[in-house]
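Here are some notes for a colleague who is opening this structure for the first time. They are set out as numbered points, to be read with the structure in view.

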Amino acid sequence: MIISNVYYNALIFGVATLTFVESTSMRTKYLTDKPQSSSGDSQYDVEARFALEKMAQEFYFGARDNSSEEWQRGTGRFINKERLDIAEESKNLMPIVVWQEKADEKTKMDEEESNMAEDKPKIVKEKNKMVEDKPKMNEEKPSMAERKSKIAKDKSKTAKEKMKMVKEKPKTVKGVNLKSPAMWQEEAMRFLAEEEPKMAEEKPKIVKGVNLKSPEMWQEEAMRFLAEEEPKMAEEANLKALAAWNYAARMTKKNKDKMDAANARSSTYERVQHERVNLFPRSIMSDPDLRRKLKKMSSLGISAIPDEQLLRFNDILVEMQDIYVSGKGCSYTEPTQYLNGVLASSQNPEELKHAWLEWHRVSGQRMRSLYAEYVELSNMGARLNNYTDASAQWLSLYESPEVQDIPKEVARLWKQLRPLYLQLHAYVRRKLYLKYGVSIVDPRRGIPAHLLGNMWGQIWDNLLNISQPFPDTPSPKVTEALKQQGFTSRKMFQVAEEFFVSLNLSAMPPLFWRNSILEKPTKRRRVNCHSSAWDFMDRKDFRILQCSDVSLRSFLTAHHEMGHIENFVLYKDQPPTYREGANPGFDEAIGDVITLSVMSPKHLKKIGLLSDDEHVESYESNINHLFSVALRKLTLLPFAYVIDLWRWAVFQGSVTPRNYNCHWWYLREKYQGVVPPEKRSEEQFDPGSKFHVAANVPYIRYFISAILEFQMHRHMCKVVGEYDPNDTRKPLHSCDIYQKQQAGTLLRRVMSMGSSQPWPEALKVITGSRCMDASALREYLLPLEHWLTVENEKTGELIGWEHTGEDRATSGGSGMTVAFIIFAVATFLHLWESQCWQLLTAAWSALRPNESVSPSLRHLVHTVEVQMLDRLTGSKNCSHLVMDQDAIN
Ligand SMILES: [Zn+2]
């Protein structure tokens, strides 16, 4: 393989060179594109100066402990060799030069002092006094108001003393010849001992004055800054949210322009604020809350990229969502609803396949090139925020010490759940091949995606009618009950509100009912119907946008979205920085934890949606109920995992436009056991057929939320006495927390915290543990898992799936073709040398697929090719032969 190694190395060198050139030109472009400030200094100069000041400052104090004694030592001995290096670099930057000169003088004085020390006990005394006085200053820590007046007083005092000095000056001048150099130094020491503390007192006003402030002064300065800034932050967020809402509720050109303007304004504000926030040396501050707030504000998000690119980024997002919302397939006018409806209700495999293919054609496929550009700009923004790429920036929301901690954590949790998922998968696949035949559903392979009752195969509850474990035992017909009882969208939301109120949580504020859109507007207008909850950051306006119909699905979504509103209401008194869940999974989990109670037959009876005649408590009814929960909740987990696994890899660059779709199907098959209805190619872009991909919304939160939801449920049920692990009459799945105010108190506590504490602390409050744990979900579904295991054993199902054995998606594009040809030539030369004719024939067959060559030979060649392509693209390819079950986790 010498030839291919040479080729491989040359390719890597080429790619590295291109990357370097590209990144250099990007940086150059960024620097030249930066706007000029009005003062004449280029914006970049100002930024560079601040950056250097900050760098120097963090260099000295950043790694140290926060004690003021340490800091005093730092300020006292300002310059050392390493510092000079930094100062040298910045010789054109005035503040550093002045700073250096001052420090030089002080170093010189220090040296002379040590010579004088023995002869001058008086000076030593003075110095001791200074040292004694300094800790006293730090101990005092007066309140802000006190300090302000003190500063004002000292200011006038300093002015008076300066006048006094001016008056005394002639005397001093006259006395010149009478004093020895040592006496002058003594005089100067006394002067400095008096003046320095006053100078330092006055400093906090000057934000850019880096070096003369104590940690306490920095803290005060930061507190003043936040007190000024927080109302502005809320106001900016309010304007931005209003413009975004208006566009979502009425998607017109005019509203889009207004939204663009609001986004631009908000970005400008964020940039200015970001610059100021990053002047504060967080590491020397002892107040952990202050450090936390400043840290949260220190990342600029996508606003970090230059204006032109930012505008483009926002346009791309709007365009991708436009495609998603309004793409038209065939003659359908409402593709999203119509095609999703077909997926949900049809049992004709041809019709299902058509609807699936149509949707993927009119959504994802049309945004393929936009997505590549979006990835580039996202990564640019992340790098300007000091992240390696956008995946690291997304994961930073979880505040873990290492970027990879959350992916590892998710992998661990998935490992906990996978055995249960495999049982469910095998059982459902059996029901599907019994229905559609083994020619459509292979009993040993992944399930075709179009047969799962959902466009994305993420929730399988539409398969209930063909897969119910005990079909003769009736299950609650909630949708019918809602319709029969004349429920409207509004009524469903009122019932959801009543649940929260029964826990002593908040009722929806008046503006909620006035401003929300709870069903699709009847007038012909374009609305973004993806359900969403909105916080307008003014502490009173909270809304839901949901195109509800009267159904169990909409009823449960109403609880989910209202869970968001409860969050907004309960953390509204936190500063804007903390008005979000402890981590993004918490926000999602609150409403969902309520749905676990709402879905229970026990609760449905309580609220009159199920009668005793319709439902009798039994083993069979229990298994049926748990099966419906599993089809709604468990099936989402591998899908949620796949979406972000794919995006992390894309952002990290291990998956490129050349193998976007290929990698997507590789992951979907690997984790979900789902395959596309027909072979896909790189012309398509199937990830884009999912809203959250088009709309730039991270998805791993839904995975984490599902784990938290069951964990929270278990803990609350235990606290309210509805569940007892040692009492078989009180299993976890039959718990209903309705009207249990103790549970409400726990929820209130965790929601009120917002993100003011690291999420493990919030988790402790609501689950009693600081660790995420999937065992609660497993425990909830345990009776079902036992039943599924026995059932699958009875019918001899394969637990898991074999790989399809042929490419379900092929990597395409001209780049891949060139690589392929080079590979073929390399293989040819190599094989010529080693005279492996048989392999050569097979390789040729792989290049020109020929039915006369046996499949095993084609596979062999294909495997070699895949390994080669893996090396070229740095990622997995779709054409692994058989799933390595051990490698999955
Ligand atoms: Zn949500």
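1. A word on burial comes first: a residue is called buried when its relative accessible area is under 20%, exposed when it is over 50%, and partly exposed in between, with a 1.4 Å probe and protein chains only. By that rule histidine 564, which has a relative accessible area of 8%, is buried.

2. On the source, please keep in mind that this is a predicted model, in which local features need pLDDT of at least 70, side-chain atom pairs count only at pLDDT 80 or more, and totals for chains, interfaces and linings use all residues. Residues are numbered from 1 along each chain as its sequence is written, and side-chain values use heavy atoms, with hydrogens and water left out.

3. As for the overall make-up, the chain has 36 helices and four strands, where helices (H or I, at least four residues) and strands (E, at least two) are DSSP runs numbered from the N terminus. Of the 889 residues in the chain, 52% are buried. Contact here means heavy atoms within 4.5 Å, and among contacts between residues at least 6 apart in sequence, 76% join residues at least 24 apart. The chain exposes about 41900 Å², of which carbon and sulfur atoms supply 55%; accessible areas come from the Shrake-Rupley method with a 1.4 Å probe, and for residues only the protein chains shown count as cover.

4. Which residues are the protein donors of the zinc ion? They are His560 (NE2), His564 (NE2) and Glu588 (OE), lying 2.0 to 2.1 Å from the ion, and their spacing in sequence is H-x3-H-x23-E. Histidine 564 belongs to helix α22 (residues 552-570) and glutamate 588 to helix α23 (residues 584-598), so this pair ties together parts that are 24 residues apart in sequence. Glutamate 588 is buried as well, at 6% relative accessibility. Donors are N, O and S atoms within 2.8 Å of the metal (3.2 Å for Na, K and Ca), and since water is not among the atoms, sites may look incomplete.

5. The unreviewed UniProt entry carries a "binding site" annotation that covers Tyr398 and Arg701. The two span 304 residues in sequence, yet no two of their C-alpha atoms are more than 9.9 Å apart, so they gather at one spot. UniProt positions are given in the numbering used here, feature names are shortened, and annotations may be inferred rather than shown by experiment.

6. Looking at these two residues in turn, tyrosine 398 sits in the loop between α16 (390-395) and α17 (405-436) and is buried, with a relative accessible area of 4%. Leaving aside residues up to four places away in sequence, its contacts include Asn583, Ile704, Trp759 and Arg701. Arginine 701 is in helix α29 (residues 700-719) and counts as buried at 17% relative accessibility. With the same sequence neighbours left aside, arginine 701 touches Tyr398, Pro584, Gly585 and Glu588; Glu588 is also one of the zinc donors.

7. The structure holds 40 salt bridges, a salt bridge being a side-chain nitrogen of Lys or Arg within 4 Å of a carboxyl oxygen of Asp or Glu. One of them joins glutamate 682 and arginine 368 (3.1 Å, N to O). That pair links distant parts of the chain, with glutamate 682 in the loop between β4 (674-675) and α28 (691-694) and arginine 368 in helix α15 (residues 368-384), 314 residues apart. Both glutamate 682 and arginine 368 are buried.

8. Another salt bridge is formed by aspartate 736 and lysine 606, whose closest N and O atoms are 2.8 Å apart. Aspartate 736 lies in the loop between α29 and α30 (741-752) and lysine 606 in helix α24 (residues 601-606), so the pair ties together parts that are 130 residues apart in sequence. Is each partner buried or partly exposed? Aspartate 736 is buried, with a relative accessible area of 0%, whereas lysine 606 is partly exposed at 44%.

9. Finally, strand β2 (residues 532-535) and β3 pair in the antiparallel sense over four bridges; two strands pair if DSSP finds at least two bridges between them. Alanine 533 stands opposite isoleucine 544 in β3. The two strands form a hairpin with six residues between them, and methionine 537 in the turn has a positive phi of about 60°.
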